[in-house]
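Here is a set of short exercises to work through with the model open beside you. Try each task on your own, then follow the solution step by step.

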Amino acid sequence: MFAAMIFAISTVAISQFGMYYWRAVLASVASQPISESVLAAVSAENRPLRADDFAQFAGLHELTPDLGPRGRSLSLVRFYYGVIKAVDMLVGAQVPAVAQWTAREGATCARYAAVQVDLRLQGNLQLAAALRSC
């Protein structure tokens, strides 16, 4: 019984650590600068990004080819964004603090997707330049 309890506590602790680490990586990538051309693609060059911009950036991400050796998918971020939107629909109207949190997290997801689109575009431009120089 004691061993099962230690195993359960350890499993919860490692899961919590994994979620916090993933969230820190998401925030770190989202804090990188985004080029004006990517912001102009969704008409966001003169305003801060919002949670609603995530769908547009995710669509751009799907349209942008990944020519690099390592593909970067938005699947986990799409799932997280879906969870955030579900929490907002269920609780956001009754609790303003939750609505503010979901708006911030949605904007972080949008920034992450924008950075990923920007990184893909930069990588593709560098690859095209390298191919032209051969």
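**Exercise 1. Decide whether Ser-43 is buried or exposed, and say what is unusual about its backbone.**

Solution. Keep in mind that this is a predicted model.
- Step 1: Find Ser-43 in the loop between helix 2 and helix 3.
- Step 2: Take its relative accessibility, which is 54%. The cut-off for exposed is over 50%, so Ser-43 counts as exposed.
- Step 3: Turn to the backbone. Most residues other than glycine have a negative phi. Ser-43 is not a glycine, yet its phi is positive, at about 55 degrees.

**Exercise 2. Sort Gln-100, Gln-116 and Gln-122 into buried, partly exposed and exposed.**

Solution. Two cut-offs are needed: buried means under 20% relative accessible area and exposed means over 50%, with partly exposed in between.
- Step 1: Locate the residues. Gln-100 lies in helix 5, Gln-116 is found in helix 5, and Gln-122 lies in helix 5 too.
- Step 2: Gln-100 has a relative accessible area of 52%, so it is exposed.
- Step 3: Gln-116 has a relative accessibility of 4%, so it is buried.
- Step 4: Gln-122 has a relative accessible area of 39%, so it is partly exposed.

**Exercise 3. Find which residues are in contact with Gln-116 and with Asn-124, leaving aside neighbours within four places in sequence.**

Solution.
- Step 1: For Gln-116, the contacts are Val-29, His-61, Arg-72 and Leu-74.
- Step 2: Asn-124 also lies in helix 5. With a relative accessible area of 14%, Asn-124 is buried.
- Step 3: The contacts of Asn-124 are Thr-64, Pro-65, Asp-66 and Leu-67.

**Exercise 4. Set separation along the chain beside separation in space, C-alpha to C-alpha, for Gln-100 and Asp-88, then for three further pairs.**

Solution.
- Step 1: Gln-100 and Asp-88 are twelve residues apart in sequence and 9.1 Å apart in space.
- Step 2: Gln-116 and Gln-32 are 84 residues apart along the chain, and their C-alpha atoms are separated by 10.0 Å.
- Step 3: Gln-122 and Ser-35 are 87 residues apart along the chain, with 9.7 Å between their C-alpha atoms.
- Step 4: Tyr-21 and Ala-129 are 108 residues apart along the chain, and here the C-alpha atoms are separated by 35 Å. Tyr-21 is found in helix 1 and is exposed, with a relative accessible area of 54%.

**Exercise 5. Check the span of helix 1, then work out how helix 1 is placed against helix 4.**

Solution.
- Step 1: Helix 1 has 29 residues and reaches 42 Å from its first C-alpha to its last. That is close to the 42 Å expected at 1.5 Å a residue.
- Step 2: List the buried residues of helix 1: they are Leu-26, Val-29 and Ala-30. What covers them includes helix 4 and helix 5.
- Step 3: Helix 1 and helix 4 pack at an angle of about 100 degrees, and their axes are 12 Å apart. Angles of 65 to 115 degrees count as roughly perpendicular, so helix 1 is roughly perpendicular to helix 4.
- Step 4: Name the residues that make the contact. Helix 1 brings Trp-22, Arg-23 and Leu-26, while helix 4 brings Leu-76, Val-77 and Tyr-80.
- Step 5: Sort the contact by class: five residues are nonpolar, none is polar and one is charged.

**Exercise 6. Describe the largest nonpolar core: how many residues has it, and which helix gives the most?**

Solution.
- Step 1: The largest nonpolar core has 25 residues.
- Step 2: Those with the most contacts inside this core are Ile-34, Leu-49, Phe-54, Phe-57, Cys-109 and Tyr-112.
- Step 3: At least two core residues come from each of helix 1 (2–30), helix 2 (36–41), helix 3 (53–63), helix 4 (75–92) and helix 5 (96–133).
- Step 4: Helix 5 gives the most, with seven residues.
- Step 5: Look around Cys-109. Leaving aside its neighbours within four places in sequence, Cys-109 is in contact with Phe-54, Val-77, Tyr-80, Tyr-81 and Ile-84.

Note on methods:
Residues are numbered from 1 along each chain as its sequence is written. This is a predicted model: local features need pLDDT of at least 70, side-chain atom pairs count only at pLDDT 80 or more; totals for chains, interfaces and linings use all residues. Side-chain values use heavy atoms; hydrogens and water are left out. A nonpolar core is a set of buried Ala, Val, Leu, Ile, Met, Phe, Trp, Tyr and Cys residues joined through side-chain atoms within 4.5 Å. Buried means under 20% relative accessible area, exposed over 50%, partly exposed in between (1.4 Å probe, protein chains only). Helices (H or I, at least four residues) and strands (E, at least two) are DSSP runs, numbered from the N terminus. Contact means heavy atoms within 4.5 Å. The expected span of a helix is 1.5 Å times one less than its number of residues. Axes are lines fitted to C-alpha atoms, for helices over the stretch in contact, and angles run from 0 to 180 degrees between N-to-C directions. Angles under 35 degrees count as roughly parallel, over 145 as roughly antiparallel, 65 to 115 as roughly perpendicular and the rest as oblique. Ala, Val, Leu, Ile, Met, Phe, Trp, Tyr, Cys and Pro count as nonpolar, Asp, Glu, Lys and Arg as charged, and the others, Gly among them, as polar.
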